[in-house]
Amino acid sequence: MAKAEERGTTHESTEAKLEWLEQLREEALHAGSEKSVERQRSEGKLLARERAERLCDPGSFVELDRYVRHREPNFGMLERRPYGDAVVTGYGTIFGRKVFVFSQDFTVFGGSLSEVFAEKICKVMDLAAKMGCPIVGINDSGGARIQEGVVSLAGYAEIFWRNVQCSGVIPQISLVMGPCAGGAVYSPAMTDFVFMVEGSSYMFITGPDVVKTVTGEEVTFEELGGATTHATRSGVAHFVAPDEQTCLDDARYLLSFLPQNNLDPPQFTQPADPRDRESPDLDALVPDNPNKPYDMKQVIAHVVDDGDFLEVHERFAENIVCGFARLGGHPVGLIGNQPRALAGVLDIDSSTKAGRFVRTCDAFNIPLVTFVDVPGFLPGTAQEWGGIIRHGAKLLYAYAEATVPKLAVITRKAYGGAYDVMSSKHIRADFNFAWPTAEVAVMGPEGAVNIIFRKELEEADDPEARRDELIADYKERFANPWSAAERGYVDDVIEPRRTRPVLIDALETSLTKREPRPRRKHGNIPL
């Protein structure tokens, strides 16, 4: 059969033209060579069009620009000009809501980015911004198409520019399902959430060979930029999935919490979980020993609708927990100090992680609920020299900047400057509650007594006995929620079992919140 491009259309019958169209479509569907398709299959990876179709609701994906072809005749490229080039673009629905999608095709020129490849992505990004819909990018590319030279680099820059223009306007989701190297990594890095697949996806600026040449280090692709590395060490990956189908399902689930754009509210879902449900188990969850850990995720599970919680950055900076859930059917962003990891202290990574999450929720009108059990900032030269002051300020800035409803529950410790940072009344949280186990103070009782009564303890006949007396007195006077409640820093001290109904009522009260901002181009967050 002759190639469709060799057939003329002039004076042909409608039937012939329809036959020609069918042939064109068939060629576009099989742009990749049989060998490259077979290799993709052997690695357990889906094809680009399959990924787009499985991401969207069944039968809803509509492909755009399927007949686009590259224009560059240099270096023998004229001999092969597959339809669609190396990326599939279009739109569909996820849970009935419109989304735009691009999916890079590694079976065509290794998924390398050409001029028309970039134009297709830019076109679908422009459409997403114009229509106010999320954009999902599925990345599986060998990088820039060398044969096109600087034109391909210009294409990357055009995509980067659109990432910035869309930031905070429409949700941008990146699914890394293969290689993503060099300058190509900056597009996913500027999107709101990054998904990776274990064993088959990786991201890095320079590959293992370059690293070895420049630094002498020997490192594998997986160690340098695999899913586990970016989920646990760099924090680049927000979510990691064991396989591609799970990754696609997780992306769909994430989008259910996000609005279509920054002007829309998150989608309400009628809850099956009773609004007034109490959780008696919470009354005994916090140990009597203030130094004994407990799991903040259990607190969250008892409070949110049906215990469903989508954790973000689950394996990174585990001393703080961030994620999405619903309260009374309303999507919320949850942040909680995790006593099971580093006693829940704030450090460089946890501050950056939570600060980014707070700003994402604020950009997309998602209310914030914070569970506080923080003994302070992590001490040490590594933290101080690493810039804990600057990084901690990011979280403080994010909370102070946020204008969405902000609710907080102090479950146990709220010490020092970390108390201020964690959605305190003083940085304009709307409703703050405390459990009877809460301790709101400048520092822990032991440290405070050692500083305040240092001279007295040195002169005491029995320093240990006197220290115990002073600690008990300090706890009674300061290490409790009552002094904060007396000053209005805490709106109410509640029984832990009542946390869910209290938060739902406060949330629905604050949904009509309007908070004017000062006139300015933008603030200057301490990056």
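A pocket is here an open set of grid points with protein on both sides within 12 Å along at least five of seven lines, and its lining residues are those with an atom within 4 Å of a point. On this basis, the second largest pocket of the predicted model is lined by 19 residues. Nearest to the centre of this pocket lie Asn-365, Pro-405, Leu-511, Lys-513 and Arg-514. The volume of the second largest pocket is about 460 Å³, and its lining comprises nine nonpolar, six charged and four polar residues.

The largest pocket has a volume of about 1,500 Å³. Its lining consists of 45 residues, and those closest to the centre are Ser-167, Arg-356, Arg-359, Ile-525 and Leu-527. Two or more lining residues are contributed by each of the elements α6 (186-189), β8 (202-204), α9 (227-234), α12 (348-363) and α14 (388-401). Among the contributing elements, helix α12 provides the most, with nine residues. In chemical character, the lining of the largest pocket divides into 17 nonpolar, 17 polar and eleven charged residues.

Enclosed space was also examined. Four cavities of 30 Å³ or more are present in the structure, and the largest of these cavities holds about 110 Å³ of space. The lining of the largest cavity is formed by 15 residues, with Gln-104, Leu-113, Asn-139, Tyr-156 and Ala-184 lying nearest its centre. At least two residues of this lining come from each of β3 (97-104), α4 (115-131), α5 (150-166), β6 (179-181) and α6. Strand β6 supplies the largest share, three residues. The lining of the largest cavity includes eleven nonpolar and four polar residues but no charged ones. Helix α6 thus appears in the lining of the largest pocket and also in that of the largest cavity.

A further site of interest is Thr-370, which is located in strand β13 (residues 368-374). The relative accessibility of Thr-370 is 0%, and this residue is therefore classed as buried, the cut-off for that class being under 20% relative accessible area. When residues up to four places away in sequence are not counted, Thr-370 is in contact with Ile-335, Tyr-399, Leu-407, Ala-408, Val-409, Met-422 and Ser-423.

Definitions and conventions. Residues numbered from 1 in each chain as written. Predicted model: local features only at pLDDT ≥ 70, side-chain atom pairs only at ≥ 80, totals over all residues. Heavy atoms only, no water. 1 Å grid on protein atoms, 1.4 Å probe; cavity = no way out; pocket = protein on both sides within 12 Å on 5 of 7 lines; lining within 4 Å. Points joined across faces, edges and corners; volume = space filled by probe spheres on them. Helix = DSSP H or I, 4+ residues; strand = E, 2+ residues; numbered from the N terminus. Nonpolar A, V, L, I, M, F, W, Y, C, P; charged D, E, K, R; others polar. Buried < 20%, exposed > 50% of the residue type's maximum accessible area, 1.4 Å probe, protein only. Contact = heavy atoms within 4.5 Å.
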